[in-house]
Amino acid sequence: MTDVAIQLHDNSRRLDAIDRKILTVLQEDASLSVAEIGDRVGLSSTPCWKRIQRLEADGVILRRVALVDQNKIGLGISVFVSVESADHSEAWLRRFADAVSAMPEVMEFYRMAGDVDYMLRVVVADMQAYDVFYKKLISAVPLKNVTSRFAMEKIKSVTALPVPAA
């Protein structure tokens with residue numbers, strides 16, 4: 001990476017300092033008007049809007065969403081689920097990925113390096129709901145081992161990525 005700009009991996013467009021400021025502002029509060037965002041980054045509304053549209057078209061901004069407190073909607077348990085598989089074929093992975101991706105309790109799903117093959121972050125209302133999820137998970141495809149770790153307290157949780165400075 002250079003001091004001037006960050007090269008995007010999937011195309012030749014570069015993020016300049018203004019783009020980075022826009023990303024930082026939007027990650028903090030995407031409900032701001034274009035005029036407010038422009039004020040914060042030093043642009044008028046039209047060029048600011050064009051940059052936001054370009055960042056969306058380039059896939060840098062994936063979507064704008066509302067963040068919901070899981071506890072306030074009755075999803076009080078977070079579970080980190082480690083999965084090991086005896087089968088590492090492409091067909092098995094496709095079936096497993098399709099099954100897990102269709103489970104609304106799964107918030108994040110990663111293929112890992114190391115002694116665990118896959119890691120899931122799951123949110124559920126209670127232990128009974130987790131048991132229903134667990135049974136659904138283990139019946140989806142053959143698995144070697146499933147280990148569940150229950151979070152007792154959320155100490156830090158952020159959604160904003162640390163946008164590298166110029």
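What share of the contacts in the protein with a separation of 6 or more is accounted for by residues 24 or more positions apart? In the predicted model examined here, such residues account for 59% of the contacts in that class. The secondary structure across which these contacts were computed comprises five helices and six strands, and from the N terminus on the elements follow the order β-β-α-α-α-β-α-β-β-α-β.

With regard to overall dimensions, the radius of gyration of the protein is 20 Å, whereas a compact globule of 166 residues would be expected to have a value near 15 Å. Taken along the principal axes, the box filled by the C-alpha atoms extends over roughly 55 × 40 × 25 Å. Of the 166 residues, 29% are buried, and the area that the protein exposes comes to about 11100 Å², of which carbon and sulfur atoms supply 55%. The charged side chains number 21 positive and 22 negative, and the centres of these two sets are found 3 Å apart.

The interior was next examined for nonpolar cores. The largest of them consists of 18 residues, and those with the most contacts inside it are V81, F96, V106, L120, V122, F133 and L137. Two or more residues are given to this core by each of the elements β3 (77-84), α4 (90-101), β5 (118-124) and α5 (127-140). A second core, separate from the largest one, contains 13 residues, among them L15, I22, V41 and C48.

Two aromatic residues may be described individually. F96, which is listed among the residues with the most contacts inside the largest core, is in contact with V83, F109, Y118, L137, V141 and L143 when its neighbours within four places in sequence are left aside. One of these partners, L137, is likewise listed among the residues with the most contacts inside that core. Y130, for its part, is found in helix α5, one of the elements that give two or more residues to the largest core. Because its relative accessible area is 5%, Y130 is classed as buried, the cut-off for this class being under 20%. Apart from neighbours within four places in sequence, the contacts of Y130 are with V79, V81, V124, S148 and F150. The C-alpha atom of Y130 is separated by 9.0 Å from that of E105, a residue 25 positions away along the chain.

Methods. Residues numbered from 1 in each chain as written. Predicted model: local features only at pLDDT ≥ 70, side-chain atom pairs only at ≥ 80, totals over all residues. Heavy atoms only, no water. Helix = DSSP H or I, 4+ residues; strand = E, 2+ residues; numbered from the N terminus. Rg over C-alpha atoms; globule rule 2.2 N^0.38 Å. Buried < 20%, exposed > 50% of the residue type's maximum accessible area, 1.4 Å probe, protein only. Contact = heavy atoms within 4.5 Å. Areas by Shrake-Rupley, 256 points an atom, 1.4 Å probe, with all protein chains shown as cover. Lys, Arg positive; Asp, Glu negative; His and termini not counted. Charge placed at Lys NZ, Arg CZ, Asp CG, Glu CD. Core = buried A, V, L, I, M, F, W, Y, C linked by side-chain atoms within 4.5 Å.
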